[in-house]
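Colleague: Please put the model up, and then let us go through its labels one at a time. For each label I will ask why it applies.

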Amino acid sequence: MIKNADDSNVNGSDFKDGAVPTYMFRLSTYGDSNVTNPQFIIMIPKGFTATTADFSTLTNTQGTDIFSDGGFAGPYNGTSTIKELGNYGPNGEQLFMITLTGATPTWGNNFGGQVKLTLGANAKGVVSYNVYGTPPCF
């Protein structure tokens with residue numbers, strides 16, 4: 001989910017007041033898992049950049065407010081590390097790997113995070129995404 005600075009959802013490519021939005025995400029499996037120390041890939045939308053310092057963990061209150069459909073039940077009871085992987089997304093998007101120490105987060109115990117985006121210096125053109133449209137990057 002991408003939010004404007006005033007906490008409204010970004011609609012298409014309309015960023016309010018020209019402000020660069022914050023990208024918020026939740027990580028979990030659909031059911032129970034016995035995987036320990038899972039790893040997830042976060043893809044930054046084309047045209048934006050971030051650094052590992054731009055990532056932070058959502059508190060339970062933040063996650064509930066952001067994912068108001070009742071699907072957030074964090075915070076995750078483990079720890080996390082972030083590693084930048086480079087620009088290897090299908091359109092050259094920047095990729096990060098989040099490694100969680102502990103059990104795999106489930107729908108009932110999500111990991112919620114956010115990353116402050118920066119507009120890329122060479123950003124141009126239009127790239128569209130949908131929930132099913134991003135192919136695996138590896």
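Modeller: Start with β3 and β7, which run antiparallel and are joined by five bridges. This is a predicted model, in which local features need pLDDT of at least 70 and side-chain atom pairs count only at pLDDT 80 or more, while totals for chains, interfaces and linings use all residues. Residues are numbered from 1 along each chain as its sequence is written, and side-chain values use heavy atoms, with hydrogens and water left out.

Colleague: Why are β3 and β7 called a pair?

Modeller: Two strands pair if DSSP finds at least two bridges between them. β3 and β7 have five bridges, so the rule is met. Within this pairing, Q39 stands opposite T99 in β7.

Colleague: How do you know what counts as a strand, and how many strands are there?

Modeller: Helices (H or I, at least four residues) and strands (E, at least two) are DSSP runs, numbered from the N terminus. On that basis the protein chain has nine strands and one helix. Along the sequence, the pattern is β-β-β-β-β-α-β-β-β-β.

Colleague: Which strands pair with β7 besides β3?

Modeller: β6 does, in the antiparallel sense and over seven bridges. In β7, the bridge partner of E84 is F96, and I82 stands opposite I98. The three strands form an open sheet in the order β3-β7-β6, with antiparallel pairing. Its edge strands are β3 and β6.

Colleague: What makes β3 and β6 edge strands?

Modeller: Each of them pairs on one side only. From one strand to the next, the twist of this sheet averages 25 degrees (lines are fitted to C-alpha atoms, for helices over the stretch in contact, and angles run from 0 to 180 degrees between N-to-C directions).

Colleague: Why is β7 described as mostly covered?

Modeller: Six of its seven residues are buried. Buried means under 20% relative accessible area, exposed over 50%, and partly exposed in between (1.4 Å probe, protein chains only). In the whole protein chain of 138 residues, 36% count as buried.

Colleague: What does S80 count as, and why?

Modeller: S80, in strand β6 (residues 79-86), has 30% relative accessibility. That value lies between 20% and 50%, so S80 counts as partly exposed. S80 touches T57, I98, T99, L100 and F111, not counting residues up to four places away in sequence; contact means heavy atoms within 4.5 Å.

Colleague: What makes a nonpolar core, and which residues have the most contacts inside the largest one?

Modeller: A nonpolar core is a set of buried Ala, Val, Leu, Ile, Met, Phe, Trp, Tyr and Cys residues joined through side-chain atoms within 4.5 Å. The largest one here has 16 residues, and I42, I44, F55 and I98 have the most contacts inside it. Two or more residues come from each of β2 (22-27), β3 (39-43), β7 (95-101) and β8 (111-116). Beyond four places in sequence, the residues that I98 touches include F25, L27, F40, I42, F55, I82 and F111. In soluble globular proteins, nonpolar side chains tend to be buried together.

Colleague: Why is the ring pair of Y23 and F25 called tilted?

Modeller: Rings of Phe, Tyr and Trp (its six-membered ring) pair if their centres lie within 6.5 Å; planes under 30 degrees apart count as stacked, over 60 as edge-to-face and the rest as tilted. This rule gives three aromatic pairs. For Y23 and F25, the centres are 6.2 Å apart and the planes are at 50 degrees, so the pair is tilted. Y23, F25, F55 and F96 form one aromatic cluster.

Colleague: Are Y23 and F25 buried or exposed, and how do you know?

Modeller: Y23 has a relative accessible area of 17%, so Y23 is buried. F25 stands at 6%, and therefore counts as buried.

Colleague: What makes T104 a buried residue, and where is it?

Modeller: T104 is in the loop between β7 and β8. Its relative accessibility is 7%, so T104 counts as buried. Leaving aside neighbours within four places in sequence, T104 is in contact with T29, S33, V35, P38 and Y76. A polar atom of its side chain lies 2.7 Å from the backbone oxygen of V35.

Colleague: What is unusual to note about the phi of N37, and what does its accessibility make it?

Modeller: N37 has a positive phi of about 55 degrees although it is not a glycine. N37 lies in the loop between β2 and β3, and at 42% relative accessibility it counts as partly exposed.

Terms used. Polar contact = N/O pair within 3.5 Å; in protein donor to acceptor, adjacent residues only side chain to side chain.
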